[in-house]
Amino acid sequence: MSINASGWRPEAPVSGGKASRTVTGNKALMLEEKLIFEIGDAETTGVDFADADGAVTGAGLGETPPTPSPSPEGEGSQERLAGLFRDTAIGLPGLSEPETVRHYTRLSRQNYGIDLGFFPLGSCTMKHNPRLNEKMARLPGFADIHPLQPIDSVQGALGVIHELATWLITLTGMHGVAMSPKAGAHGELCGVLAIRAALEAKGEGHRKIILVPESAHGTNPATAAFAGYQVEDIPATAEGRVDTAALIARLGPDVAGVMITNPNTCGLFERDMRTISDAVHAAGGFVYCDGANFNAIVGRVRPGDLGIDAMHINLHKTFSTPHGGGGPGSGPVVLSEALAPFGPLPFVAKQADGHFALIEEETAGDDHPHAFGRMVAFHGQMGMFTRALTYILSHGADGLRQVAEDAVLNANYILRSLDKTLDAPFGASGPCMHEALFSDNGLAAGFSTIDIAKGLIDEGFHPMTMYFPLVVHGAMLIEPTETESKAAIDQFVMALRSVAERAKAGDVSLKSAPHFAPRSRLDETLAARKPVLVWKEPVLAQAAE
Ligand SMILES: *Cc1c(COP(=O)(O)O)cnc(C)c1O
């Protein structure tokens, strides 16, 4: 294969009557896309013509800046901003409007999203984001306000925050809620800082250990360590739950608290939660619950009844606000009566006359004299509050309960549809909660979870969560959420079953999957260590193969 200087290949890209590639690298509607800096260059502009020689800058525009001094390069269009001058090139690629639109549209088509297909990523709760939520969040009264506006002019927004807070407190059976944390992990930090403040207030700041089960989400030990605690692991039982006896045995005067995910990351409900909470409290510690999986129990279980002191809620999981690609998330933390006085500022309070106030300072005398500080500059993710409240109101209390029931039903449908094909390590211990967990046990020698994940990409699915939780070898964690139809789940089950059978039979073609994706199997370690930051023509790479 000869390639001339322009990259154009004169030969027809056909072998044995079957097209194997195209000269552009495009595959029908699957279009290659360069980086934006490689499409346009900083010398070109798709908008303005260069000034004609000798043109007088700004003349005739009415309000010319005072004594416009010509810029160094003499480019006349530079003093647009109230007499301010740019003296270096802006360095942006100049593209025409259609080039710009196409660039971003093409990129968006290369992205897999919840609006495109089933997103079975376990632990992440990738549920449909209702358009109604978006519509409400975009109302100018919510979208265009500023956190420094006078309180009188944002009563509606404060009302939304207060109403959402009331729902969260009611749904969880807790005493208070800190609305401002901006993600689950941020909420964990908020909860652990409240625990620390409460311990310090009791003169027990010497408690330095936080117990975390082996199956915990990575953010739990990270949060505890970040807040200055030493983390100790608590083992899991053979049935995938916290080893309650081991946990209770470890309690003592050095333990500040425990962080337990419930439902846990194996997709199982921690049945001993009340026993654990009572033991932790008796030993002088606090109970943090990672509530990221609240969608499995919302409307069915009130964490407050389980003796929990602090729990974050991922609005971007349970309450359908968008996430992925970096957010924005929102992680309000509900607090027990013991911890609520230590929660962060500011918060919204409803006054006797129905007006909403923003409590920004600690004030002795009210019920909030011990705030540990602030988590964020202002009040949290207003757009997410509006979306979450819309979701809550459009479902109602009965609808929210059904969300949990349908999420659990869908996960059990997946578990039972696949437990004859894949190993379900805790399948024998009864139904799962909102996610189904499988291991790589039983695959052909040399095959692992990653081969199944790559095979699923060829079948048009985003892979499930892989190799997490760590307590299961080659874990595959699948979370359908309540928003998937039976037909969608059946199609996914069929695809996964087929790929799993290939992995069990040792089908070597699976080792090099995906075959139909724009790129095949990437060396992710190499990509992270030596990133290639320019687009490379794929035909060249493939011809070299
Ligand atoms: C998603 C998740 C978190 C972290 O939430 P972020 O919003 O991503 O910070 C913590 N714990 C569990 C169990 C989760 O699923």
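Here are some questions and answers about how the labels on this predicted model come about.

Q: Why is Ser123 called buried or exposed?
A: Ser123 has 8% relative accessibility. Buried means under 20%, so Ser123 counts as buried.

Q: What makes the phi of Ser123 worth a second look?
A: Phi sits near 80° there, which is a positive value in a residue other than glycine. As for its place, Ser123 is in the loop between α2 (97-109) and α3 (131-137).

Q: How do you know that Ser123 makes a polar contact with the ligand?
A: A polar backbone atom of Ser123 is 2.8 Å from an oxygen atom of the ligand. The cut-off for such a pair is within 3.5 Å, so this one passes.

Q: Which side chains have an N or O atom that pairs with a ligand oxygen, and at what distance?
A: Asn314 is one of them, at 3.0 Å. Lys317 is another, with its N or O atom 2.6 Å from an oxygen atom of the ligand. On top of that, the protein covers 86% of the 380 Å² of accessible area that the ligand has on its own.

Q: What makes up the shell around the ligand, by class?
A: Three nonpolar, seven polar and three charged residues. Of these 13 residues, Gly184, Ala185, Asp290, His316 and Lys317 come nearest. Helix α6 (residues 184-201) gives the most to the shell, with three residues.

Q: Why is Phe372 called partly exposed?
A: Its relative accessibility is 24%. Partly exposed covers the range between the buried limit of 20% and the exposed limit of 50%, so Phe372 belongs there.

Q: How do you know what Phe372 touches beyond its sequence neighbours?
A: Contact takes heavy atoms within 4.5 Å. Leaving aside neighbours within four places, Phe372 has such contacts with Cys190, Leu193, Ala194, Ala197, Phe342, Gly343 and Pro344. Phe372 itself lies in the loop between β11 and α10. Ala198 is 174 residues away from Phe372 in sequence, yet their C-alpha atoms are 9.0 Å apart in space.

Q: What makes a set of residues a nonpolar core, and which residues have the most contacts inside the largest one?
A: The members have to be buried and joined through side-chain atoms within 4.5 Å. The largest such core has 54 residues, with the most contacts falling to Leu164, Leu168, Leu247 and Phe319. Elements that give two or more residues include α5 (155-172), β4 (209-213) and α10 (382-418). The largest share, 10 residues, comes from α10. Leu164 touches Met179, Leu315, Phe385, Ala388, Leu389 and Ile392, not counting residues up to four places away in sequence. A second, separate core of 30 residues includes Cys432, Phe492, Leu510 and Ala513.

Q: Why might nonpolar side chains gather like this?
A: In soluble globular proteins, nonpolar side chains tend to be buried together.

Q: Where are the cis peptide bonds at Pro469 and Pro514, and what is omega for each?
A: One joins Phe468 and Pro469, with omega about 5°. Pro469 is in the loop between β13 (465-466) and β14 (476-478). The other runs from Ala513 to Pro514, with omega near 5°. Pro514 sits in the loop between α12 (486-505) and α13 (524-529).

Q: Why is Tyr467 called partly exposed?
A: Tyr467 comes out at 36% relative accessibility. That is over the 20% limit for buried and under the 50% limit for exposed, so partly exposed is the label. Tyr467 also has a positive phi of about 60° although it is not a glycine.

Note on methods
Residues are numbered from 1 along each chain as its sequence is written. This is a predicted model: local features need pLDDT of at least 70, side-chain atom pairs count only at pLDDT 80 or more; totals for chains, interfaces and linings use all residues. Side-chain values use heavy atoms; hydrogens and water are left out. Buried means under 20% relative accessible area, exposed over 50%, partly exposed in between (1.4 Å probe, protein chains only). Helices (H or I, at least four residues) and strands (E, at least two) are DSSP runs, numbered from the N terminus. A residue is near a molecule or strand if one of its heavy atoms lies within 4 Å of it. A polar contact is a pair of N or O atoms within 3.5 Å; within protein, one must be able to donate a hydrogen and the other to accept it, and residues adjacent in sequence count only if both atoms are side-chain atoms. Accessible areas come from the Shrake-Rupley method with a 1.4 Å probe; for residues, only the protein chains shown count as cover. Ala, Val, Leu, Ile, Met, Phe, Trp, Tyr, Cys and Pro count as nonpolar, Asp, Glu, Lys and Arg as charged, and the others, Gly among them, as polar.
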